[in-house]
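Work through the exercises below with the sequence and the model open. Try each task before reading its solution.

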Amino acid sequence: MKANRFWSWLFLILGIAYFVLPLIGTVEFSLKMRRGEYSLDAYWAVLADPRFQATFGYSVMMAVATIIAGVVLIVPTAYWIRLKLPHWRPFIEFVTLLPLVIPPIVIVFGYIRLYNTSSWLPLTGTAAGTNLLLMFGYMTLSLPYMYRAVDTGLRAIDVRTLTEAAESLGAGWLTIMWRVILPNVLVAVLSGAFLTFAIVIGEFVLAALLNRPAFGPYLQLIGANRAYEPAALAVIAFAITWACMGLIQLVTRFQKHTMARR
Amino acid sequence: MSFLEIANLQKDFGGTRVVKDFNLAVEKGEFVSFLGPSGCGKTTTLRMVAGFEQPTSGVIRIDGRDVVNLKPNQRNIGMVFQAYALFPNMTVAQNVGFGLKVAGRPKAEIDARVAEMLEIIKLPHLAERYPFQLSGGQQQRVALARALAVRPQVLLLDEPLSALDAKIRVSLREEIRAIQKKLGITTIYVTHDQEEALSMSDRIVVMNEGRADQVGTPFEIYNRPTTRFVASFVGTLSTLEGRVVDPAAGTVSIGDSTVSLGYRLAERQAGDAITLALRPEAVTLGRDEARGAHLSGTIRDVSFLGSVIRVRVAVGSGTVSLDTFNSPSAPPPEPGDLVTVSFAPGDLLVMED
């Protein structure tokens with residue numbers, strides 16, 4: 001029994017060390033910009049860089065657009081599959097998993113080939129068109145996470161009976177989606193949204209190859225040319241991701257009607 | 001013309017016909033129960049009235065209007081589900097007022113109606129609670145208030161008490177019936193619980209394999225079942241195999257005994273096999289000359305049910321069940337005892353196949 005516990009603790013400590021040591025190293029390195037003492041100089045340098053503000057702002061905007069478009073597409077789809085087409089679920093689940101096995105590089109080359117300026121839909125010909133294409137790309141990358149989060153949320157409620165109850169009270173489809181289904185899967189939608197946010201903020205391949213001024217390519221550029229700033233940026237990106245995870249927890253905790261489910 | 005008319009209703013799922021040529025006319029303010037075992041088509045029929053299932057053929061009219069092609073949200077029906085189906089993100093008051101809000105009623109009217117409904121279900125103090133903060137019985141009362149708040153033309157209840165414990169079930173069924181009578185709302189109630197159907201309904205439709213086997217008042221259904229299925233499904237029934245002795249005189253033999261039914265057995269010949277049935281409460285233990293008919297047999301088993309003792313007596317090839325009151329001063333009979341049971345010949349039911 002005692003031996004078992006020793007090995008459990010040992011593997012736990014090894015696991016934590018594997019994740020935490022590089023992080024501590026990065027944080028420590030990011031604070032060593034000033035010779036001989038710790039300082040936040042690298043952070044100030046990064047935050048003061050107009051390119052940081054521009055690229056981070058752009059990626060946040062793209063993340064918000066991706067989340068809105070994703071919710072509009074995925075919530076009704078997952079709802080409809082659950083309500084009317086349950087036999088389609090395995091197929092839809094397979095489709096939602098494809099982005100995990102098809103590398104982003106393949107997706108983006110496909111996009112460039114299909115939507116270049118000489119194609120019938122030349123989206124890459126304009127900045128707005130390319131932004132749209134990038135948003136669709138981000139939607140594809142976040143599809144497995146968003147769909148699963150929403151589907152799990154729908155599983156927790158009796159979709160069919162709630163829909164029928166609302167229908168019998170005179171509600172149409174839009175009212176049912178907006179007032180009954182969405183509020184009850186909001187926590188799940190937000191989980192998916194924060195995951196999407198984290199993916200978009202750190203994404204490099206799509207943005208770089210579509211030549212858009214996103215945060216990922218900026219991270220790469222700084223990493224190639226500076227010493228301490230990349231470490232500071234990595235810590236900032238990490239903090240943003242953790243803040244997203246924390247927000248998921250907070251939203252879940254403060255949603256009154258979900259308290260009973262926890 | 002009846003308020004709710006269902007004519008020649010049929011429903012197929014795949015190649016299986018689950019509702020077969022169903023006909024029913026319900027008067028305004030009437031409480032009708034669909035009673036039957038699982039899979040008999042009662043819920044499917046109710047869901048066709050609600051609009052959640054499209055009939056394969058047939059007509060459903062509410063107040064003279066054919067509703068078959070109307071969507072559920074256009075039918076003006078109220079529905080209460082077994083699983084309560086309260087919206088988890090809304091308070092009790094918001095749940096009750098949902099239908100009125102959807103209909104675009106003014107806030108003052110919604111507030112007044114919600115207050116009225118919460119008074120009716122005796123839960124005005126729980127208006128701001130969420131569904132997860134309520135017991136099952138309270139949730140179902142809120143679901144009833146929500147369904148009634150929109151003043152539907154027809155109230156449909158799909159096994160609303162099945163998920164509740166026995167004590168709450170009894171009190172809530174009395175409450176539902178009282179509210180239904182007070183509001184005078186036409187109601188269809190689906191249940192597999194015969195006690196619920198018998199105690200609440202103006203009329204009962206006993207369903208079997210997609211068909212309405214018998215439609216009648218609870219008294220008729222219980223005392224004059226017309227089919228073997230209705231007789232066996234509603235209440236406890238002892239069936240006895242006998243033979244016709246004299247069809248004109250209405251005499252039949254059961255085991256070693258001959259019993260006169262007191263009426264002519266039409267379309268039967270002497271020697272024909274006949275299935276007869278008796279309710280436990282129609283039979284007494286011992287020879288009671290006033291009852292007029294007697295059978296001899298051997299006690300097979302005795303079940304102590306508290307205030308009542310159920311005795312099963314083997315008679316010929318069948319078994320007669322009877323109930324006697326428990327008396328602490330008199331010990332119950334023992335299995336193996338030779339006894340006589342008595343009943344009035346008029347209580348003997350002749351079963352049609």
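Against which helices do the buried residues of α2(B) pack?

**Solution 1.** Start with the ground rules. This is a predicted model: local features need pLDDT of at least 70, side-chain atom pairs count only at pLDDT 80 or more, and totals for chains, interfaces and linings use all residues. Residues are numbered from 1 along each chain as its sequence is written, chains are lettered from A and ligands numbered from 1 in the order in which they are written, and side-chain values use heavy atoms, with hydrogens and water left out.

Helices here are DSSP runs (H or I, at least four residues), as strands are (E, at least two), numbered from the N terminus. Buried means under 20% relative accessible area, exposed over 50%, and partly exposed in between (1.4 Å probe, protein chains only).

- Step 1: list the buried residues. They are V92(B), A93(B), N95(B), V96(B), G97(B), F98(B), G99(B) and L100(B).
- Step 2: relate them to the helix. Eight of the 11 residues of α2(B) are buried, so this helix is mostly covered.
- Step 3: find the partners, taking contact as heavy atoms within 4.5 Å. In chain A they are α7 and α8; in chain B they are α3 (107–120) and α4 (136–149).
- Step 4: look past the helix end. G104(B) follows α2(B) and has a positive phi, near 75°.

**Exercise 2.** Describe α8(A): its span, its buried residues and their packing partners.

**Solution 2.**

- Step 1: check the span. Helix α8(A) runs over residues 173–184 and has 12 residues. The expected span is 1.5 Å times one less than the number of residues. For α8(A) that gives 16 Å, and the first-to-last C-alpha reach of 15 Å is close to it.
- Step 2: name the buried residues of α8(A). They are I176(A), M177(A), V180(A), I181(A), L182(A), P183(A) and N184(A).
- Step 3: recall the helix geometry. An α-helix has 3.6 residues a turn, so residues three or four places apart point the same way.
- Step 4: list what the buried residues of α8(A) pack against. Chain A supplies α3 (50–83), α6 (127–155), α7 (159–168) and α9 (186–202). Chain B supplies α2 (92–102).

**Exercise 3.** Characterise the contact between chain A and chain B.

**Solution 3.**

- Step 1: count residues. Chain A gives 23 and chain B gives 23.
- Step 2: take the area. Buried area is the accessible area (1.4 Å probe) that two parts lose on being put together, summed over both. The two chains bury about 2000 Å² between them, 68% of it on carbon and sulfur atoms.
- Step 3: find the main contributors on chain A. S168(A), L169(A) and R179(A) supply 32% of the area that chain A buries against chain B, more than any other three residues.
- Step 4: count polar links. A polar contact is a pair of N or O atoms within 3.5 Å; within protein, one must be able to donate a hydrogen and the other to accept it, and residues adjacent in sequence count only if both atoms are side-chain atoms. Four residue pairs between the chains are in polar contact, both residues at pLDDT 80 or more.
- Step 5: locate the elements. On the side of chain A that touches chain B, α7 and α8 of chain A each give two or more residues. The largest share, eight residues, comes from α7(A).

**Exercise 4.** How many salt bridges lie between chain A and chain B, and why does R47(B) with E164(A) count as a pair that joins two chains?

**Solution 4.**

- Step 1: apply the rule. A salt bridge is a side-chain nitrogen of Lys or Arg within 4 Å of a carboxyl oxygen of Asp or Glu.
- Step 2: count. There is one between chain A and chain B, while the structure holds 27 over all chains.
- Step 3: identify the pair. The side chains of R47(B) and E164(A) meet in a salt bridge at 2.6 Å, N to O.
- Step 4: place the residues. R47(B) lies in helix α1 (residues 42–50) of chain B and E164(A) in helix α7 of chain A, so the pair joins two chains.
- Step 5: check exposure. R47(B) is buried at 13% relative accessible area, and E164(A) is buried at 7%.

**Exercise 5.** Which residue shares a side-chain polar contact with R141(B)?

**Solution 5.**

- Step 1: place R141(B). This residue lies in helix α4 of chain B and is buried, with a relative accessible area of 18%.
- Step 2: read off the partner. A polar contact of 3.1 Å joins the side chains of R141(B) and E175(B).
- Step 3: add the surroundings. Leaving aside neighbours within four places in sequence, R141(B) also touches I121(B), K122(B), L123(B) and L172(B), among others.
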